[in-house]
Amino acid sequence: YPLRRQRQMCIRDSLQIAQMFAKHNVQFDFTCLEMTDSSDCGSHPQELVSQTQQAAKQVGIGFFGENALDVCSPTCYSGGFDQIYRAATQNGPIGGFTYLRLTSNLVSGNNWNMFTQFVSRMKSAK
């Protein structure tokens, strides 16, 4: 029961934040698109991303996202890119995505190819 109540509060809070953003003509930008609920982070990032996306959509404002963690340390993890894509398209395409952690690992070896494929995939998201 406490977990259900906590989730209901998060949904309410996400909507309240989105409504305030809409009042001030501000877009919603949220982090952790690469994280999954099974990540060892003590929260439910997939659920939070979905809730904030739905709240933004409900009040008619844009939703943008970004990653919180380095997806390429030292080699790129395709699952991280796949999770970003899923999160960015689960409720319709998002307005934009900022990739954080532009490191030397990103541009070395096969990592660069994986990253360019990811960028191409994000560009064509519908």
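Which residue stands opposite phenylalanine 30 in E2? Select phenylalanine 30 and look across: the partner in E2 is glycine 65. Keep that pair on screen while we set up the rest of the tour.

**Before you start**

What you have open is a predicted model, in which local features need pLDDT of at least 70, side-chain atom pairs count only at pLDDT 80 or more, and totals for chains, interfaces and linings use all residues. Residues are numbered from 1 along each chain as its sequence is written, and side-chain values use heavy atoms, with hydrogens and water left out.

**Stop 1: the whole chain**

Colour the chain by secondary structure. You should find four helices and three strands, arranged along the sequence as α-β-α-β-α-β-α. Helices here are DSSP runs of H or I with at least four residues, strands are runs of E with at least two, and both are numbered from the N terminus.

Now switch on the surface. The chain exposes about 7,700 Å², and carbon and sulfur atoms supply 53% of that area; accessible areas come from the Shrake-Rupley method with a 1.4 Å probe, and for residues only the protein chains shown count as cover. Of the 126 residues, 33% count as buried. Buried means under 20% relative accessible area, exposed means over 50%, and partly exposed is in between (1.4 Å probe, protein chains only).

Contacts tell a further story: among those between residues at least 6 apart in sequence, 74% join residues at least 24 apart. A contact means heavy atoms within 4.5 Å.

**Stop 2: the sheet**

Select residues 28-30, 63-66 and 96-98, which are E1 and E2 and E3. These three strands form an open sheet in the order E1-E2-E3, with parallel pairing. E1 and E3 are the edge strands, each pairing on one side only. From one strand to the next, the twist averages 20°.

Zoom in on the pairings. Two strands pair if DSSP finds at least two bridges between them. E1 and E2 are joined by three bridges, and three bridges also join E2 to E3. Glycine 65, which you met opposite phenylalanine 30, also stands opposite phenylalanine 97 in E3. Select phenylalanine 64 as well, and you will see glycine 96 of E3 opposite.

**Stop 3: helices H3 and H4**

Next, select residues 78-89 (H3) and 111-123 (H4). Their axes come within 11 Å and cross at roughly 10°. Axes are lines fitted to C-alpha atoms, for helices over the stretch in contact, and angles run from 0 to 180 degrees between N-to-C directions. H3 and H4 are therefore roughly parallel to each other; angles under 35 degrees count as roughly parallel, over 145 as roughly antiparallel, 65 to 115 as roughly perpendicular and the rest as oblique.

Show side chains for the contact: H3 contributes Ser78, Phe81, Asp82, Ile84, Tyr85 and Ala88, while H4 contributes Met114, Phe115, Phe118, Arg121 and Met122. By class, the contact has eight nonpolar, one polar and two charged residues. Ala, Val, Leu, Ile, Met, Phe, Trp, Tyr, Cys and Pro count as nonpolar, Asp, Glu, Lys and Arg as charged, and the others, Gly among them, as polar.

Stay in H3 and pick glutamine 83. Is glutamine 83 buried or exposed? Glutamine 83 counts as buried, because its relative accessibility is 5%. Not counting residues up to four places away in sequence, glutamine 83 touches Leu33, Glu34, Met35, Thr36 and Gln46.

**Stop 4: three loop residues**

Most residues other than glycine have a negative phi, and the next two picks go the other way. Asparagine 25 has a phi near 55°, a positive value. You will find asparagine 25 in the loop between helix H1 (2-23) and E1, exposed at 66% relative accessible area. Draw a distance to isoleucine 61: the two are 36 residues apart in sequence but 7.7 Å apart in space, C-alpha to C-alpha.

Then go to arginine 101, with its positive phi of about 80°. Arginine 101 sits in the loop between E3 and H4 and is partly exposed at 42% relative accessibility.

Finish at asparagine 105, which lies in the loop between E3 and H4 and is partly exposed at 24%. Asparagine 105 and serine 73 are 32 residues apart in sequence and 6.4 Å apart from C-alpha to C-alpha. Leaving aside neighbours within four places in sequence, asparagine 105 is in contact with Cys72, Ser73, Pro74 and Asn111.
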